[in-house]
Amino acid sequence: MESNLTTPSPEWPSPAPASLLLVLGVVGNTLALTILCCSAKTHKWRPFYRFVCGLAITDGGGVFLSYPLVMVRYASNFQYDYPQAMCDYMAFILMFTILGSALIVCAMSLDRFLAILYPHVYNTPTKNRRAIIMILGIWIFSAFISSLHLMAGRRSLSFFPGSWCFLDFVHDTVVDRVLAFLYSLIGILILTTTAMLNMTVIVNVCRNIRQKRKKTKKKDVYIIGFLMLIVILFSTCITPLLINIFGHAVGTISGNGQFELVALRISVTNSIVDPWIYIVFRKSTVEFFQRKALKWGIVPRSLSSTDAPSSTKETSGTQESSHETSTI
């Protein structure tokens, strides 16, 4: 007599979240770079926009270079296991993307901090070259930290459900704990610095709003909202993974399961959110589409209030550098 008992198959996570992260990450950052290049005549590749470009390359490249491997694991119904070399590669890409993205966001916050609070220090002939050097330095530093565990002779670990690899922060060896503690501590310091820089700018702008004209006040209010959005979304996305790694390093968290997977996905979501914050929802981009809508007759001109007198731009020749400090 045949037994009706069968071994239940494991319930693997749905491939839908990973597929969405791949598609939206690549498409969003490609769109961001396209808009950035198309509006180059307007922003003239000032430092802030160079950081935006570096951010889009880091985020989009990280998703594009790592998530196709994730989809291979899902497509094989979790039968395919990554070779160690491939696992090390994926761990490096993910660690580099998360850390590099965080550092560039911090650099963008520092750029706004100096531009608004110290414009005379900020507005130098070498500011564009300085931004490029900072981006290259961030990439080099991120690559070094992301490969530190490999240089120390440690292996990357495949995490649940075997679809992603990262620095081994779940085992109790001293070296693994030290490396995990170092990576999470760097991330926490970056997060704290970014929040402090943005909050300082917000407080400064709030103090100066009463002394400015109505038009300038609107721009300042936009800056406040823009920076608050940066702090909230960036912190929300990157904090769960940093806390998870830090918790494993100090021994308050254990295990390798669903919580680690969700934390990684949330952190990668930052790579999707970034281009929409810094490009699509920026004020100049909204005004760009409003002008196009007016030109094509989609929106009646009577409903638009974005047209500014030409004399405003002409009389702001000497104020352009300071205008840059208050317009993102």
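Me: Where does Asn-77 sit in this predicted model?
Reply: Asn-77 is in the loop between helix 3 and helix 4.

Me: What makes the phi of Asn-77 worth a second look?
Reply: Its sign. Phi of Asn-77 is near 60°, a positive value, and the residue is not glycine. Most residues other than glycine have a negative phi.

Me: Which loop holds Trp-45, and what is its phi?
Reply: Trp-45 lies in the loop between helix 2 (40-43) and helix 3 (47-75). Its phi is near 55°, again a positive value outside glycine.

Me: Why is Trp-45 called partly exposed?
Reply: Its relative accessibility is 26%. Partly exposed runs between the 20% limit for buried and the 50% limit for exposed, so that label is the one that fits.

Me: Why does Ala-16 get the label partly exposed?
Reply: The relative accessible area of Ala-16 is 39%, which means it also falls between those two limits. Ala-16 belongs to helix 1 (residues 16-38). Its C-alpha is 9.9 Å from that of Met-71, though the two are 55 residues apart in sequence.

Me: And why is Asp-176 classed as it is, buried or exposed?
Reply: Buried: Asp-176 has 3% relative accessibility, and the cut-off is under 20%, so the call is clear from the numbers. Asp-176 is part of helix 8 (residues 174-208). Leaving out residues up to four places away in sequence, it touches Arg-154, Asp-168 and His-171.

Me: How do you know that the length of helix 6 agrees with its residue count?
Reply: Helix 6 has 20 residues, and at 1.5 Å each, counting one less than the number of residues, the expected span is 28 Å. The end C-alpha atoms are 28 Å apart, so the two agree.

Me: Which residues of helix 6 are buried?
Reply: Lys-127, Ala-131, Ile-135, Ile-138, Ser-142, Ile-145 and Ser-146.

Me: What puts those residues on the same side of helix 6?
Reply: The arc: around the axis they cover only 105°. As a general point, an α-helix has 3.6 residues a turn, so residues three or four places apart point the same way. On the face turned away from the buried side of helix 6 are the exposed residues Arg-129, Ile-133 and Ile-140.

Me: Which residues have the most contacts inside the largest nonpolar core?
Reply: Tyr-67, Met-90, Trp-164, Phe-166, Tyr-183 and Leu-264, in a core of 74 residues. Helix 4 (residues 84-117) contributes the most to this core, with 16 residues. Beyond four places in sequence, Tyr-67 is in contact with Ala-18, Leu-21, Leu-22, Arg-265 and Val-268.

Me: What is the geometry of the peptide bond from Phe-160 to Pro-161, cis or trans?
Reply: Cis, with omega near 5°. Most peptide bonds are trans. Pro-161 is in the loop between strand 1 (157-159) and strand 2 (164-166).

Me: Which elements have the lowest and the highest mean pLDDT?
Reply: Helix 12 (residues 310-314) is the lowest at 37, and helix 6 (residues 127-146) the highest at 95. For residues 1-9 the pLDDT is below 50, and the model has zero contacts for this stretch beyond near neighbours in sequence. Residues 302-323 also stay under 50, with 12 contacts beyond four places in sequence. The mean for the protein chain is 80.

Terms used. Residues are numbered from 1 along each chain as its sequence is written. This is a predicted model: local features need pLDDT of at least 70, side-chain atom pairs count only at pLDDT 80 or more; totals for chains, interfaces and linings use all residues. Side-chain values use heavy atoms; hydrogens and water are left out. pLDDT is the predictor's confidence in each residue, from 0 to 100. Helices (H or I, at least four residues) and strands (E, at least two) are DSSP runs, numbered from the N terminus. Contact means heavy atoms within 4.5 Å. Buried means under 20% relative accessible area, exposed over 50%, partly exposed in between (1.4 Å probe, protein chains only). The arc is that of the directions from the helix axis to the C-beta atoms. A nonpolar core is a set of buried Ala, Val, Leu, Ile, Met, Phe, Trp, Tyr and Cys residues joined through side-chain atoms within 4.5 Å.
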